[in-house]
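Hi,

Here is the structure I said I'd pass along. Have a look at it first, and my notes follow underneath.

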Amino acid sequence: MSTTATPESIIVTDSPQQSRYEIHADGELAGIEQYEVDGDVRVFVHTEIYPRYEGLGLARTLVSAALDDLRRRGLRVRPVCPYVVKFVSKHPEYQDLVA
């Protein structure tokens with residue numbers, strides 16, 4: 001069971017050198033969205049929230065922020081990770097990003 005309180009500060013950044021989006025909670029790395037690059041498409045292959053941050057809704061925050069970033073940059077997504085596949089199917093506002 002997680003004993004971490006809801007973070008006060010949540011920041012999502014793209015880390016292209018590591019091919020992943022990172023979510024930081026109160027300055028600590030809390031999880032990642034691993035991707036592969038295929039031209040102007042980002043293939044989202046793995047979503048992971050580290051155990052001490054589970055149950056705080058950070059996966060949803062991470063994926064939505066990553067998808068919003070792709071939209072701003074004119075890129076698309078190919079969801080392979082089961083979490084992202086399910087997320088996109090439940091959020092029609094992101095359907096236009098799916099390659």
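Pro7 sits in the segment before β1 (10-15). This is a predicted model, by the way, so read everything below with that in mind. With a relative accessibility of 10%, Pro7 counts as buried, because the cut-off for that is under 20%. Setting aside residues up to four places away in sequence, Pro7 touches Ala25, Asp26 and Leu56.

One of those partners, Asp26, has a backbone you may want to look at. Asp26 is in the loop between β2 and β3, and its phi is positive, about 50°, although the residue is not a glycine. Its relative accessibility is 45%, which counts as partly exposed. Ser19 is another non-glycine residue with a positive phi, near 55°. Ser19 belongs to the loop between β1 and β2 and, at 24% relative accessibility, counts as partly exposed.

Now the core. The largest nonpolar core has 23 residues, and the members that touch the most others are Tyr21, Phe44, Ile49, Leu58, Leu67 and Leu70. Two or more residues each come from β2 (20-25), β3 (28-38), β4 (41-49), α1 (58-73) and α2 (82-90). Helix α1 gives the largest share, with seven residues. As background, nonpolar side chains in soluble globular proteins tend to be buried together.

Leu67 is a good place to start clicking around. Beyond its neighbours within four places in sequence, Leu67 contacts Phe44, Val77, Phe87, Val88, Tyr94 and Leu97.

How do α1 and α2 pack, in terms of angle and axis distance? The angle is about 75° and the axes are 11 Å apart. That angle falls between 65 and 115 degrees, so the two helices count as roughly perpendicular to each other. On the α1 side, Ala59, Arg60, Val63, Ser64 and Leu67 make the contact, and on the α2 side Tyr83, Val84, Phe87 and Val88 do. Sorted by class, the contact between α1 and α2 has seven nonpolar residues, one polar and one charged.

Ser64, which lies in helix α1, is part of that contact. A polar atom of the Ser64 side chain is 3.2 Å from the backbone oxygen of Thr61. Not counting neighbours within four places in sequence, Ser64 is in contact with Phe87 and Tyr94, and both of these residues also contact Leu67. If you want a distance to check your setup against, the C-alpha atoms of Ser64 and Lys90 are 12 Å apart, with these positions 26 residues apart along the chain.

Last one: is Asp69 buried or exposed? Asp69 is in helix α1 and is buried, because its relative accessible area of 15% is under the 20% cut-off. Where does its side chain make a polar contact? The partner is the side chain of Tyr21, at 2.5 Å. Tyr21 is also among the core members that touch the most others. Leaving out residues up to four places away in sequence, Asp69 touches Asp14 as well as Tyr21. To tie this back to the start, Pro7 and Asp69 are 62 residues apart in sequence and 22 Å apart in space, C-alpha to C-alpha.

Cheers

Key: Residues numbered from 1 in each chain as written. Predicted model: local features only at pLDDT ≥ 70, side-chain atom pairs only at ≥ 80, totals over all residues. Heavy atoms only, no water. Core = buried A, V, L, I, M, F, W, Y, C linked by side-chain atoms within 4.5 Å. Buried < 20%, exposed > 50% of the residue type's maximum accessible area, 1.4 Å probe, protein only. Helix = DSSP H or I, 4+ residues; strand = E, 2+ residues; numbered from the N terminus. Contact = heavy atoms within 4.5 Å. Polar contact = N/O pair within 3.5 Å; in protein donor to acceptor, adjacent residues only side chain to side chain. Axes fitted to C-alpha atoms, helices over the stretch in contact; angles between N-to-C directions. Parallel < 35°, antiparallel > 145°, perpendicular 65-115°, else oblique. Nonpolar A, V, L, I, M, F, W, Y, C, P; charged D, E, K, R; others polar.
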